[in-house]
Amino acid sequence: AHSHSHLKHTNFTIIMSSAMQQISMRAAVRSSTVRSAKKQQQSQRIRTVTRAGDGEYGASGTSFYTTTEKQDSYPSLENILDKHCADATLKACIKELLDGCADITEALRSALVTVEGTDNSFGDKQLSVDVIADNIMWDLVKSSPTIAFGASEEEPVMVKCSGSDYTVCWDPLDGSSIVDNNWAVGTIVGVWPKNTGTGDDGMLGATGRDQVCSMVALYGPRTTVIVTLDDGVYEFSYGCTPEGCQLPDGSFEPWICSRMNIKINEDSKIFAPANMRAAQDTPGYKALLDYYMDNRYTLRYSGGLVPDVYQQFTKNMGVFTNPTSKTSPAKLRLAFEAAPFGALVELAGGKTSDGVTGGSILDVQINEVDQRTALAIGSANEVARFNELVVKK
């Protein structure tokens, strides 16, 4: 019996060791940028229309497809940062944060979604992937030469780090309620100078407009990250091997710029309505939802903040609404979710609303690390419609 027990323990140790080795090996592949070429991609250009023609029931007429055409080559992360990020320290911080997103990508590919057995500061059960993603971010932040303070949405307490310049707030894995479905989830990051605000941590008393950078990673079939740079919003794709981008040694850049200076149109026919329970005691929100349906808007809503707002950057339109009411109060976190996304959307030409005054979410002062807020965000005319009907502004 002792021998059998020892054998089971040995097998368990081997399995756990093998899993950790796999993650380490994948991280090594990323850090060395030595990636083997995948099967040759199709050479024809991708040509699709924005809206398909009406089908038998007209359903295809409400679908929005990509209009992105294949390029002969794609610039590297280094190339884009050299041209569009003048601050060398911020450039280094961005590269570190993208390394973290790459490590989370690799970890998610091998991790099962299970209850970890621990609670976060709000009493919510943590999932294994939440803990993995948060640990990766903390390891990065605590060892960074550029980050002076850090705070995670999992434990919203500002922690002093050993770096020099920035305060970084992050939601390590937004979408815990849908990740077990294997739906797209993401990481949200906001970067503030450490000397903004009224305290010594660069956060309390600051606003979203004080951010020097924000980024959102989307983990789906591919990993893509949108980042605010000096002159606009840029998207970087991880681990892609498009034709024309192979390096002389046969490897590929870990990050390439897949889209540059992204814009969000003023008008939209796509809507993503969160907190629909609020429509029960907010007549204006019910009127807004009726407007969307009466005017045949296309519903694109997964219940995950990252994919539901990120689509505005791929479709170049959209509106996400999350109002507050007496029976359904706002739940979004200002520093960890709303402000970083707000900086991205407004830089791309979109608009935001705090859901209370109708003003920009970027002008709301952060008075608590875990401060909550309502939010409307996306195409400018649609956010204006939200303010008119829901906020009455």
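**Exercise 1. Classify Tyr-297 and its partner Tyr-291, then describe their ring pair.**

Start with Tyr-297. Its relative accessibility is 11%, so Tyr-297 counts as buried. The cut-off for buried is under 20%. This is a predicted model, and every value here is computed from it.

Now take Tyr-291. At 27% relative accessibility, Tyr-291 counts as partly exposed.

Next, the geometry. The ring centres of Tyr-291 and Tyr-297 lie 5.8 Å apart, and the planes meet at 65°. Edge-to-face needs planes over 60 degrees apart. The pair of Tyr-291 and Tyr-297 is therefore edge-to-face.

Finally, widen the view. Ring pairs join Tyr-291 and Tyr-297 with Phe-271 and Tyr-292 in a cluster.

**Exercise 2. Work out how the rings of Tyr-238 and Trp-255 are arranged, and what the pair connects.**

Begin with the count. The structure has seven aromatic pairs. One of them is formed by Tyr-238 and Trp-255, with ring centres 5.1 Å apart. Their planes stand at 45°, so this pair is tilted.

Then place the residues. Tyr-238 belongs to strand S9 (residues 232–238). Trp-255 belongs to strand S10 (residues 255–259). The pair therefore ties together parts 17 residues apart in sequence.

Last, check burial. Tyr-238 is buried, at 3% relative accessibility. Trp-255 is buried too, at 3%.

**Exercise 3. Find the charge that sits over the ring of Trp-138.**

The charge comes from Lys-142. Its charged end lies 5.1 Å from the centre of the Trp-138 ring. The distance limit for such a contact is within 6 Å of the ring centre.

**Exercise 4. Decide how the buried residues of helix H8 are distributed, and say what covers them.**

First, list them. Helix H8 spans residues 380–391. Its buried residues are Ala-380, Glu-382, Val-383, Phe-386, Asn-387, Val-390 and Val-391.

Second, look down the axis. The buried residues of H8 fall within an arc of 165°, so they line one face of the helix. The spacing fits a general rule. An α-helix has 3.6 residues a turn, so residues three or four places apart point the same way.

Third, find the cover. It includes helix H5 (283–294) and strand S13 (319–322). Strands S15 (351–353) and S17 (375–378) also contribute.

Fourth, look past the end. Just after H8, Lys-392 takes a positive phi of about 65°.

**Exercise 5. Trace the surroundings of Ala-380.**

Ala-380 lies in helix H8. Its relative accessible area is 16%, so Ala-380 is buried. Set aside neighbours within four places in sequence. Ala-380 then contacts Asn-265, Glu-266 and Lys-351. Now compare sequence with space. Ala-380 and Val-319 are 61 residues apart in sequence, but 8.6 Å apart from C-alpha to C-alpha.

**Exercise 6. State how many disulfides the structure holds, and check burial at Cys-161 and Cys-169.**

Recall the chemistry. A disulfide is a covalent bond between the sulfur atoms of two cysteines. The structure holds zero disulfides. Now burial. Cys-161 is buried, at 9% relative accessibility. Cys-169 is buried as well, with a relative accessible area of 0%.

**Exercise 7. Summarise the protein chain as a whole.**

Count the elements. There are eight helices and 17 strands. Then burial. Of 393 residues, 51% count as buried. Next, contacts. Among those with a separation of 6 or more, 63% link residues 24 or more positions apart. Close with the surface. The chain exposes about 18,600 Å², and carbon and sulfur atoms supply 52% of that area.

Key:
Residues are numbered from 1 along each chain as its sequence is written. This is a predicted model: local features need pLDDT of at least 70, side-chain atom pairs count only at pLDDT 80 or more; totals for chains, interfaces and linings use all residues. Side-chain values use heavy atoms; hydrogens and water are left out. Buried means under 20% relative accessible area, exposed over 50%, partly exposed in between (1.4 Å probe, protein chains only). Helices (H or I, at least four residues) and strands (E, at least two) are DSSP runs, numbered from the N terminus. The arc is that of the directions from the helix axis to the C-beta atoms. Contact means heavy atoms within 4.5 Å. Accessible areas come from the Shrake-Rupley method with a 1.4 Å probe; for residues, only the protein chains shown count as cover. A disulfide is a pair of cysteine sulfur atoms within 2.5 Å. Rings of Phe, Tyr and Trp (its six-membered ring) pair if their centres lie within 6.5 Å; planes under 30 degrees apart count as stacked, over 60 as edge-to-face and the rest as tilted. A charge sits over a ring if NZ of Lys or CZ of Arg is within 6 Å of the ring centre and within 35 degrees of the ring normal.
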